[in-house]
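User: I would like to learn how to read helix packing and residue burial from a model. Please take me through one case.

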Amino acid sequence: MNWSQFHSILRSRLSVFWLIILFLFSFGNRFLEILKWQNLASFVSAITIGESCKQVLAALTAGLFTPNGIGEYAGKAMYYKKQNTKKIIFLNLICNGIQMLLAIIFGLLSLIYLGFYKWAMVLLFIIVLSIVFLFFIKNVTIKNYSVSVLIQKINELPKKMHTKNILLAIGRYALLMHQYYLLFILFGVTADYFTLLATISAVYFIASSLPSFQFLDFVVKGSVALWFFDKIHVSEVVVLFISTFMWFFNVVIPVCIGSYFVLTFKKTNIE
């Protein structure tokens, strides 16, 4: 596709009103992530929403060119004293882990709903096998780290903090899925609500499980989406456009803002 095709689609399908609505979805998605991090970071030191925003967006930028955004962990840790680095990495693991857990749960349910029973069973078998393996090696220590130590650290976090983290994660997941859903409806896709939402959830689950770089996120999600949405007869052009649009609104714009925080970074040494 070239720019004239993109421009034609934008003019025919997306009004200023709907662009604002979709932008608000992106803002809400990222804002819930900011609240999640503010909640978890308070285990080390209480931070404001503004400080949490700075850390989240700067970390997102730092993870742009690293596999599956692992640079994000270092991005947040740089705002804290060196002795807190391990705690911040652990808290960021909890922050991202709950989103991955939701993607797995809803992704597997979606695959079953769509009739991909073999896929769902194979993936579920791999997950169960992994859990069993981790159970048997939970006391194996590597450089003072083990699965049992990780579980202990998770249990040290207040239940109220866990509850808030889960609720915010569910809200963020719901916003993201329905932003996709709204775009498909705007582009004339007539599949029923549950089929369309299940397809979106399955694509998100499979694409999130694949190794990738955030700056190529639209390529990975777009490629997976093409296969799934072909099953419900959605145009390739629509699928690719929506994947690119979501990448632009949920990655490119936040990274542009985060770049400012990276370029103006000053060591604050938060306790």
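Analyst: This is a predicted model. Start with a single residue, N165, which is buried because its relative accessible area is 3%, under the 20% cut-off for that class.

User: Where does N165 sit, and what does N165 touch?

Analyst: N165 belongs to helix α8. Leaving aside residues up to four places away in sequence, N165 touches K36, N39, L40, I94, C95 and I98. Among these, I94, C95 and I98 are also residues of α5 that take part in its contact with α8.

User: How is a pair of packed helices described?

Analyst: The general idea is that two packed helices are described by the angle between their axes and the distance between the axes. Take α5 (residues 85-113) and α8 (residues 159-186): their axes come within 10 Å and cross at roughly 55°. That angle makes α5 oblique to α8, because it lies outside the 65 to 115 degree range for roughly perpendicular and is not under 35 degrees, the limit for roughly parallel. The crossing of α5 past α8 is right-handed.

User: Which residues make the contact between α5 and α8, and how do they divide by class?

Analyst: On the α5 side they are I94, C95, I98, Q99, L102, A103 and F106, and on the α8 side N165, I166, A169, I170, R172 and Y173. By class, 10 are nonpolar, two are polar and one is charged.

User: At what angle do α5 and α7 pack?

Analyst: Helix α7 covers residues 147-156, and α5 packs against α7 at about 80° with the axes 12 Å apart. This angle makes α5 roughly perpendicular to α7, since it falls in the 65 to 115 degree range. In this contact F90, L93 and I94 of α5 meet L150, K153 and I154 of α7. The class count is five nonpolar, no polar and one charged. I94 of α5 appears in the contact with α7 and in the contact with α8.

User: What is the geometry of α8 with α11?

Analyst: The axes of α8 and α11 are 10 Å apart, and the packing angle is about 140°. That makes α8 oblique to α11, because roughly antiparallel needs an angle over 145 degrees. α8 passes α11 in a right-handed crossing. L176, Q179, Y180, L183 and F184 of α8 make the contact with V238, V239, I242, F245, M246 and N250 of α11. These residues comprise nine nonpolar, two polar and no charged.

User: How should I read a record annotation against the model?

Analyst: Compare the annotated range with the modelled chain. An unreviewed UniProt entry places "transmembrane region" at several ranges, including 88-113 and 180-207. Over residues 88-113 the chain is 100% helix and 0% strand, with the end C-alpha atoms 38 Å apart. Over residues 180-207 the chain is 79% helix and 0% strand, and the end C-alpha atoms are 14 Å apart.

User: Is H233 buried or exposed, and what is its phi?

Analyst: H233 counts as exposed because its relative accessibility is 73%, over the 50% cut-off. Its phi is positive, at about 60°, although H233 is not a glycine. H233 lies in the loop between α10 (217-230) and α11 (236-263).

User: Which accessibility class does T244 fall in?

Analyst: T244, in helix α11, counts as partly exposed because its relative accessibility is 23%. The C-alpha atoms of T244 and G222 are 7.6 Å apart, while the two residues are 22 residues apart along the chain.

Methods. Residues numbered from 1 in each chain as written. Predicted model: local features only at pLDDT ≥ 70, side-chain atom pairs only at ≥ 80, totals over all residues. Heavy atoms only, no water. Axes fitted to C-alpha atoms, helices over the stretch in contact; angles between N-to-C directions. Helix = DSSP H or I, 4+ residues; strand = E, 2+ residues; numbered from the N terminus. Left-handed = near helix turned anticlockwise from the far one by under 90°. Contact = heavy atoms within 4.5 Å. Nonpolar A, V, L, I, M, F, W, Y, C, P; charged D, E, K, R; others polar. UniProt positions renumbered as here; feature names shortened; annotations may be inferred. Buried < 20%, exposed > 50% of the residue type's maximum accessible area, 1.4 Å probe, protein only.
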